[in-house]
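Please look through the sequence and the model below, and then follow the explanation step by step with both in view.

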Amino acid sequence: MGEVAISVRGLTKVFGKARVVDDFDMEVERGAIYGFLGPNGSGKTTTIRMMCGLLTPDAGEGRCLGFDIVSQSREIKKRVGYMTQRFSLYEDLTIRENLDFTARMFGMANRKQRVDEAVRDLGLEGRAHQLAGTLSGGWKQRLALAACMIHDPELLLLDEPTAGVDPKARRDFWDEIRRLSARGVTVLVSTHYMDEAIQCDHIAYIAYGKKLIDGRARDIPNQIGISTYVVTGPDLMAVQERLDPDKRAGQVMRFGDKLHVSGTDRVALDALVKEERARGTHEWTEKDAGLEEAFIYLMAGAKDNFGGPVEAAQ
Ligand SMILES: Nc1ncnc2c1ncn2[C@@H]1O[C@H](COP(=O)(O)OP(=O)(O)OP(=O)(O)O)[C@@H](O)[C@H]1O
């Protein structure tokens, strides 16, 4: 691992009777884009907030950007940008006023210059006096990102950042995030969405306050132990209907003119494939399981019951 941006040990948070985060350890490399996945209410936001000194843990310790997360949280906060899933700018202020307002909140000395730069970088010089509320969804999002980067934070927190944004704006957004990451900005992303998760180079999967999976995105399918076959041939709808109730096919997903059939029980899956191949009607080809299959497997298991992904992850 290169330079460490965040290192935490044993982070625990209890709200009332609920242990929302339980003994959480993690190291994040500077410049990493780290995705936090997990079901609703699993403790992602609480974990991220503790890692960055925005919330005091009940137990545990750690450092973020070189500062102690408990005793030096003020220093960390100055270096963090936070973009929530809701558009967090003032719709009845202009583009320029929004940026200026955020710069003022951070008490920036060179405010005017920084706001000018941000307007220019956005390519919005001609529209600086337009009300933010009149911008399209994609532009609002770019403005929100520019605002939370106005004080040049070293760490960026994103909470489902592209929810409700069209695909082109989403791609542009992630291009920008990757540019920031290349400059050394560390990015923590909390999400339920596969197309956000696959943009991350590291993934942590959290359920019921416990970290169950943590690693490079490309290693996650192997960590889960998921195998995938691609099925091609006629009338895939009928094949899907036949396979759906078959427990040996853990999940069956349609991708255009193909079916992806995945499972974590290799022996059972291979037995199914043998039977299916014997029918001689469809082509079954093994593929490397991707993050898409792994993600859907994790999220589906999490919805059903706690046992699925926990057992699979260990
Ligand atoms: N300040 C608080 N006081 C009491 N309970 C809280 C507080 N903040 C969070 N919780 C509870 O802690 C649990 C974890 O919440 P958290 O927001 O960390 O989960 P999450 O995984 O980020 O969820 P989501 O994906 O829905 O945003 C939830 O049950 C939530 O209701």
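In this predicted model, strand 1 (residues 4–15) and strand 2 (residues 18–29) run antiparallel and are joined by 8 bridges. One place to see the pairing is Val4, which stands opposite Glu29 in strand 2. The two strands form a hairpin that leaves 2 residues between them, and in this turn Gly16 has a positive phi of about 60 degrees.

From the hairpin we can turn to the ligand, whose surroundings include Phe15, Val20, Gly38 and Ser190, along with Asn40, Gly41, Ser42, Gly43, Lys44, Thr45 and Thr46. Helix 1 (residues 44–51) supplies the largest share of this shell, namely 3 residues. When the residues of the shell are sorted by character, 8 are polar, 2 are nonpolar and 1 is charged.

The next topic is the interior, where the largest nonpolar core has 67 residues, and where Tyr34, Leu99, Leu157, Val187, Ile203 and Tyr205 are the ones with the most contacts inside this core. Helix 5 (residues 137–148) gives the largest share of the core, 6 residues, while domain 1 (4–79 + 153–219) and domain 2 (90–146) each contribute at least three residues to it. Apart from this core lies another one, of 10 residues, which includes Val252, Val261, Leu269 and Leu272.

Which residues does Tyr205 touch, not counting residues up to four places away in sequence? They are Leu37, Gly38, Leu212, Ile213 and Leu298, and Gly38 in this list is also one of the residues around the ligand.

Notes. Residues are numbered from 1 along each chain as its sequence is written. This is a predicted model: local features need pLDDT of at least 70, side-chain atom pairs count only at pLDDT 80 or more; totals for chains, interfaces and linings use all residues. A nonpolar core is a set of buried Ala, Val, Leu, Ile, Met, Phe, Trp, Tyr and Cys residues joined through C-beta atoms within 7 Å. A residue is buried if 20 or more other C-beta atoms lie within 10 Å of its own, exposed if 12 or fewer, and partly exposed in between; C-beta atoms are placed from the backbone. Helices (H or I, at least four residues) and strands (E, at least two) are DSSP runs, numbered from the N terminus. Domain bounds come from an automatic or database domain assignment. Two residues are in contact if their C-beta atoms, placed from the backbone, lie within 7 Å. A residue is near a molecule or strand if its C-beta atom, placed from the backbone, lies within 6 Å of it. Ala, Val, Leu, Ile, Met, Phe, Trp, Tyr, Cys and Pro count as nonpolar, Asp, Glu, Lys and Arg as charged, and the others, Gly among them, as polar. Two strands pair if DSSP finds at least two bridges between them.
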